[in-house]
Amino acid sequence: MRGNVVELAVAVVVGAAFSKIVDAVVKGFINPLVGAIGTQDLDKYRSCLKGPCVIDADGTVTEGVALNWGPVLSATLTFLITAAVVYFLMILPMNKYKERQQAKAGPVEVPKTEIELLTEIRDVLLAQQAEGNRPDGSVPGAGAGLAKQRESSVDIGK
């Protein structure tokens, strides 16, 4: 249990630090590239839902209803890049490492349950009982000499 808690703590710290790096890359590199397609930075993209939108110099909307979709797109890009990097650089290699370790260890023998053991015992007892009721009257496990003596009804004591 302690190993899992430590791994989780390390993952949270590394994820937080890595998230800052990805956020900086998205804001400093990807947002301007996407903004180059339009007329402004991606964080400033918005659409007007109702009426003509009047925007002050500081960026606040004074008239109309504005939908700021640029920051949402930016956050989505940050998430997708973070998820892709975490999956391809952390999860995939860890899974392959665990598969190699399991292959080296060999197959793990699973102990049988009580029901499986009792079923096997029942089957063995039924098989022994079926052998005991042979139509020729021979006893299972008895030697060939004893079986012949019974068939010829020769008494050894005579």
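Which residues does valine 65 touch, not counting residues up to four places away in sequence? The second view below gives the answer, but let's start with the whole chain.

**View 1. The whole chain, from end to end.** This is a predicted model, so keep the confidence scores in mind as you look around, since pLDDT is the predictor's confidence in each residue. The protein chain has 4 helices and 2 strands, and if you read along the sequence you meet them in the pattern α-β-β-α-α-α. Of its 158 residues, 8% count as buried. Now take the contacts in the chain with a separation of 6 or more: residues 24 or more positions apart account for 33% of them.

**View 2. Valine 65 and the residues it touches.** Here's the answer to the opening question: leaving out residues up to four places away in sequence, valine 65 touches Ser47, Cys48, Leu49, Lys50 and Cys53. You'll find valine 65 in strand E2, which covers residues 61-67. Pick out serine 47 from that list: it sits 18 residues from valine 65 in sequence, and the two are 8.5 Å apart in space, C-alpha to C-alpha. Is valine 65 buried or exposed? Neither, quite: its relative accessibility is 39%, so it counts as partly exposed.

**View 3. Glycine 64, one of the residues of strand E2.** Glycine 64 is found in strand E2. Set aside its neighbours within four places in sequence, and glycine 64 is in contact with Lys50, Pro52 and Cys53. Try tracing the chain between glycine 64 and lysine 50: they are 14 residues apart along it, yet their C-alpha atoms are separated by 5.3 Å. With 43% relative accessibility, glycine 64 counts as partly exposed.

**View 4. Where helix H1 and helix H2 residues meet.** Start with threonine 82, which lies in helix H2. Not counting residues up to four places away in sequence, threonine 82 touches Phe18 and Val22. Why does threonine 82 count as buried? Its relative accessibility is 18%, and buried means under 20%, so it falls on that side of the cut-off. Now look for serine 19, whose place is in helix H1. Serine 19 has a relative accessibility of 31%, so it counts as partly exposed. From serine 19 to threonine 78 is 59 residues in sequence, but 7.9 Å in space, C-alpha to C-alpha.

**View 5. The largest pocket.** Rolling a probe the size of a water molecule over the atoms shows where empty space is left. In the largest pocket, that space comes to about 370 Å³. The lining is made up of Glu7, Val10, Ala11, Val14, Gly15, Phe18, Val86, Leu89, Met90, Ile91, Met94 and Lys98. Which elements give two or more residues to the lining? They are helix H1 (2-37) and helix H2 (70-105). Sort the lining residues by type and you get 9 nonpolar, 1 polar and 2 charged. Phe18 is worth a second look: this lining residue is also one of those that threonine 82 touches.

**View 6. Two salt bridges.** Side chains of opposite charge can pair when their charged atoms come close. How many salt bridges does a search of the whole structure find? It turns up 2. In one, the side chains of glutamate 120 and lysine 112 meet, at 2.4 Å from N to O. Glutamate 120 is partly exposed at 37% relative accessibility, and lysine 112 is partly exposed too, at 46%. Another salt bridge joins aspartate 123 to arginine 122, with the closest N and O atoms 3.0 Å apart. Aspartate 123 counts as partly exposed at 37% relative accessibility, and arginine 122 is partly exposed at 46%.

**View 7. How far to trust the picture.** The protein chain averages a pLDDT of 77, and 80% of the residues score at least 70. Confidence is highest in helix H3 (residues 114-132), with a mean of 91, and lowest in helix H4 (residues 144-152), with a mean of 47. Over residues 142-150 the pLDDT is below 50, and this stretch has 4 contacts in the model beyond near neighbours in sequence. Residues 152-158 also have a pLDDT below 50, with 2 contacts beyond near neighbours in sequence. Where pLDDT is low, the predicted coordinates should not be read in detail.

Terms used: Residues are numbered from 1 along each chain as its sequence is written. Side-chain values use heavy atoms; hydrogens and water are left out. pLDDT is the predictor's confidence in each residue, from 0 to 100. Contact means heavy atoms within 4.5 Å. A salt bridge is a side-chain nitrogen of Lys or Arg within 4 Å of a carboxyl oxygen of Asp or Glu. Buried means under 20% relative accessible area, exposed over 50%, partly exposed in between (1.4 Å probe, protein chains only). On a 1 Å grid over the protein atoms alone, a cavity is a set of points where a 1.4 Å probe fits but cannot get out, and a pocket is an open set with protein on both sides within 12 Å along at least five of seven lines; lining residues have an atom within 4 Å of a point. Grid points are joined across faces, edges and corners, and a volume is the space filled by probe spheres set on the points. Ala, Val, Leu, Ile, Met, Phe, Trp, Tyr, Cys and Pro count as nonpolar, Asp, Glu, Lys and Arg as charged, and the others, Gly among them, as polar.
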